[in-house]
Amino acid sequence: MIEQLYEKSRLRNTDGVSNERPSRRTFLLTAAGAAALAAWRPSLAFASGAGGGAPGTVTIVQFSDDGKPTGKVSVPRVVRSDGEWQQKLTPISFQVTRHEGTERPYSGNTWNNHDHGLYRCICCDNAVFSSQTKFESGTGWPSFWQPIAKENVVEIRDMSLGMERTAVSCRECDAHLGHVFDDGPRPTGLRYCMNSAAMRFVKTA
Ligand SMILES: [Zn+2]
């Protein structure tokens with residue numbers, strides 16, 4: 001990809017005269033940006049295109065605040081800069097969602113929450129989990145045996161920290177939410193181990 005960009009810069013230069021410096025600078029910035037992005041999120045390329053539909057859009061199931069599905073919709077993928085996310089989020093939410101962080105167990109505000117309601121992505125409000133599938137995992141992290149809708153999350157193999165795990169992120173904005181393991185309860189046998197800091201709880205009656 002970087003080579004292609006470089007090729008383009010050179011092509012642009014053939015009819016111009018003195019625009020070599022800006023082009024070269026663009027190339028260098030682009031290359032640095034791509035390298036930083038790759039280091040920051042190695043799984044991004046793998047995730048791109050997930051959700052189908054037109055480029056830049058994703059298909060999710062929307063839910064009202066009382067937890068009822070209101071239909072599948074195609075929405076623009078939410079893309080913001082690191083700086084913009086940092087302004088919108090608390091430090092722990094920013095670290096967890098935008099940099100694949102993990103909050104300390106028992107430190108969040110929903111691991112022991114037994115109220116009925118739904119859990120929305122802290123970054124974009126996409127509904128991701130429901131209290132109906134929450135269970136006591138004893139881990140100190142809010143745990144669920146399935147997402148509120150499979151369309152609303154993305155699961156990606158994560159080889160960081162020398163472990164093979166499956167990372168779970170928000171389909172709409174790519175926020176890291178947690179990981180899923182196969183030692184959960186019935187009926188799925190899955191344990192979606194989430195971060196409280198990645199979600200906003202909406203209580204229903
Ligand atoms: Zn989101």
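Helices (H or I, at least four residues) and strands (E, at least two) are DSSP runs, numbered from the N terminus. The legends below use these element names throughout, and they describe a predicted model.

**View A. Confidence along the chain of the predicted model.** The mean pLDDT of the protein is 82, and 74% of its residues reach 70 or more. Residues 1-52 have a pLDDT below 50, and beyond near neighbours in sequence this stretch has 34 contacts in the model. Where pLDDT is low, the predicted coordinates should not be read in detail. The views that follow turn to individual sites.

**View B. The zinc ion and its cysteine donors.** The SG atoms of Cys121, Cys124, Cys170 and Cys173 coordinate the zinc ion, at 2.3 to 2.4 Å. The angles among the 4 donor atoms run from 100 to 115 degrees, and the site is tetrahedral. Along the chain, the donors follow the spacing C-x2-C-x45-C-x2-C. Cys121 belongs to strand E3 (residues 117-121), whereas Cys173 sits in the loop between strand E8 (165-170) and strand E9 (176-181), so this pair ties together parts that are 52 residues apart in sequence. Cys121 is buried, its relative accessible area being 0%, and Cys173 also counts as buried, at 1% relative accessibility.

**View C. Cys123 and its surroundings, in a structure with 0 disulfides.** Cys123 takes part in no disulfide, and the nearest cysteine sulfur, that of the zinc donor Cys173, is 4.5 Å away. The cut-off for a disulfide is a pair of cysteine sulfur atoms within 2.5 Å, so a separation of 4.5 Å does not qualify. With a relative accessibility of 3%, Cys123 counts as buried.

**View D. Asp174, a residue with positive phi in the loop between E8 and E9.** The phi of Asp174 is about 75 degrees, a positive value although the residue is not a glycine. Asp174 lies in the loop between E8 and E9, the loop that also holds the zinc donor Cys173. At 14% relative accessibility, Asp174 counts as buried.

**View E. Tyr106, a residue with positive phi ahead of strand E3.** Tyr106 is a residue other than glycine, and its phi is positive, near 65 degrees. The loop between helix H5 (91-99) and E3 is where Tyr106 is found. Tyr106 is partly exposed, with a relative accessible area of 47%.

**View F. The cis peptide bond between Arg186 and Pro187.** Arg186 and Pro187 are joined by a cis peptide bond, for which omega is about 10 degrees. Pro187 is placed in the loop between E9 and strand E10 (191-194).

**View G. The salt bridge of Asp65 and Arg120.** Side chains of opposite charge can pair when their charged atoms come close. The structure holds 9 salt bridges, and one of them brings together the side chains of Asp65 and Arg120, at 2.8 Å from N to O. This pair links distant parts of the chain, with Asp65 in the loop between strand E1 (57-63) and strand E2 (69-76) and Arg120 in strand E3, 55 residues apart. Asp65 is partly exposed, its relative accessible area being 41%, whereas Arg120, at 8% relative accessibility, counts as buried.

**View H. The salt bridge of Lys68 and Asp66.** The side chains of Lys68 and Asp66 meet in a salt bridge, with 3.8 Å from N to O. Asp66 is partly exposed, with a relative accessible area of 46%.

**View I. The salt bridge of Glu151 and Lys72, and the network around this pair.** Glu151 forms a salt bridge with Lys72, and the closest N and O atoms are 3.4 Å apart. Glu151 lies in the loop between strand E6 (143-144) and strand E7 (153-158), while Lys72 lies in strand E2, so the pair ties together parts that are 79 residues apart in sequence. Glu151 is buried, with a relative accessible area of 16%, whereas Lys72 is exposed, with a relative accessible area of 56%. Through salt bridges that share partners, Lys72, Lys150 and Glu151 are joined into one network.

Terms used
Residues are numbered from 1 along each chain as its sequence is written. This is a predicted model: local features need pLDDT of at least 70, side-chain atom pairs count only at pLDDT 80 or more; totals for chains, interfaces and linings use all residues. Side-chain values use heavy atoms; hydrogens and water are left out. Donors are N, O and S atoms within 2.8 Å of the metal (3.2 Å for Na, K and Ca); water is not among the atoms, so sites may look incomplete. Four donors count as tetrahedral if all angles lie between 85 and 135 degrees; four count as square planar and six as octahedral if opposite donors are over 155 degrees apart and all others between 65 and 115; anything else is irregular. Buried means under 20% relative accessible area, exposed over 50%, partly exposed in between (1.4 Å probe, protein chains only). pLDDT is the predictor's confidence in each residue, from 0 to 100. Contact means heavy atoms within 4.5 Å. A salt bridge is a side-chain nitrogen of Lys or Arg within 4 Å of a carboxyl oxygen of Asp or Glu.
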